[in-house]
Amino acid sequence: MKITKSFFIITALLVSVFIACSNEDDAEVLEEETILETDYDVSSILSKFEGTGLSYAINGNTVTFTTQDLPNHTSPYWPANNVLYEAYNGTNNNWHQNPNQIATQNIVLSITLNPEEANNHQATPLGPIGISRNGVVFFNQYAGPDQPLTNEINSFDQYLGHPTGFGMYHYHIEPAYLTSEFGDDAFLGLLSDGFPVYGPLEGGKTISNADLDAYHGHISITSDFPEGIYHYHITGGDPYLNGNGYFGTPGNISR
Ligand SMILES: [Zn+2]
Ligand SMILES: [Zn+2]
């Protein structure tokens, strides 16, 4: 009886030592992958860009997008005679339409295909800070200089975008048309520093601000970048898309 018991204890000890060792090995492999993969190349993602009046050209390691910034979905901000005009049918009881209408723009964004972390992180400006996969531009989390979006959110249409006084349609928060079309964990676009933007879901988990760094991103694998890449997430809470500036160096945006 005594012999059997000791034998059992020794076996159990050996098994736990074995399990502890394999866990350690796994952790080391993960760490190595994260350290190795910093030579990013986002060329493979360009084929996902498709929109009205949207085109891009590659020159060396730079992609230049030209966009008319016209959403490929309905909105109450289209002129009433446009086929994409649709009265507001969203869920915000405090919704109020702003006086602006969607108008054709001519926005050109030059973005590196090999994004790197910047030594000095620049703040995102007001106006366009990146381009979503349907050609509509992304804006940051402010309605004006240091003004939170609190009131502006009530003018977001059923797909959570709205136009400026110049008719420039844009998304500050989750572009609901794109996440409904491609999934909450899908690639949504690029910020002008070349780093990709993803929806609020990753690996079945809803990403919150606490999962992300000061720039509202992190390094992990995505379905498009199985070796891992730094990327931004759009979350449900302020700052939604971008935090305390660009992670990389922003390219040129003219409009
Ligand atoms: Zn806005
Ligand atoms: Zn992620």
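Select V137 first: leaving out residues up to four places away in sequence, V137 touches D69, I107, P128, G130, I131, M168 and H170, where a contact means that the two C-beta atoms, placed from the backbone, lie within 7 Å. The model in your viewer is predicted, so that local features need pLDDT of at least 70 and side-chain atom pairs count only at pLDDT 80 or more, while totals for chains, interfaces and linings use all residues. Residues are numbered from 1 along each chain as its sequence is written, and chains are lettered from A and ligands numbered from 1 in the order in which they are written.

Next, add F138, L190, L191, V197 and L241 to the selection, since together with V137 they touch the most other members of the largest nonpolar core, which has 43 residues. Such a core is a set of buried Ala, Val, Leu, Ile, Met, Phe, Trp, Tyr and Cys residues joined through C-beta atoms within 7 Å. Here a residue is buried if 20 or more other C-beta atoms lie within 10 Å of its own, exposed if 12 or fewer, and partly exposed in between. Elements that give two or more residues to this core include β2 (62–70), β5 (137–138), α2 (176–182) and β10 (187–191), and β10 gives the most, with four residues. In soluble globular proteins, nonpolar side chains tend to be buried together.

Now zoom out to the protein, which has two helices and 16 strands, these being DSSP runs (H or I of at least four residues for helices, E of at least two for strands) numbered from the N terminus. Of its 255 residues, 35% are buried.

Colour the open sheet of four strands next, whose order is β1-β2-β3-β16 with antiparallel pairing; two strands pair if DSSP finds at least two bridges between them. Its edge strands are β1 and β16 (252–254), each of which pairs on one side only. For a close view of one edge, go to β3 and β16, which run antiparallel and are joined by three bridges, and find S110 opposite N252 in β16.

Finish at Y56, in strand β1 (residues 52–59). Is Y56 buried, exposed or partly exposed? Y56 counts as partly exposed because it has 15 C-beta neighbours inside 10 Å. Leaving aside neighbours within four places in sequence, Y56 is in contact with L46, F49, V63, T64 and F65. As a last step, draw the C-alpha to C-alpha distance from Y56 to V108, which is 9.3 Å although the two are 52 residues apart in sequence.
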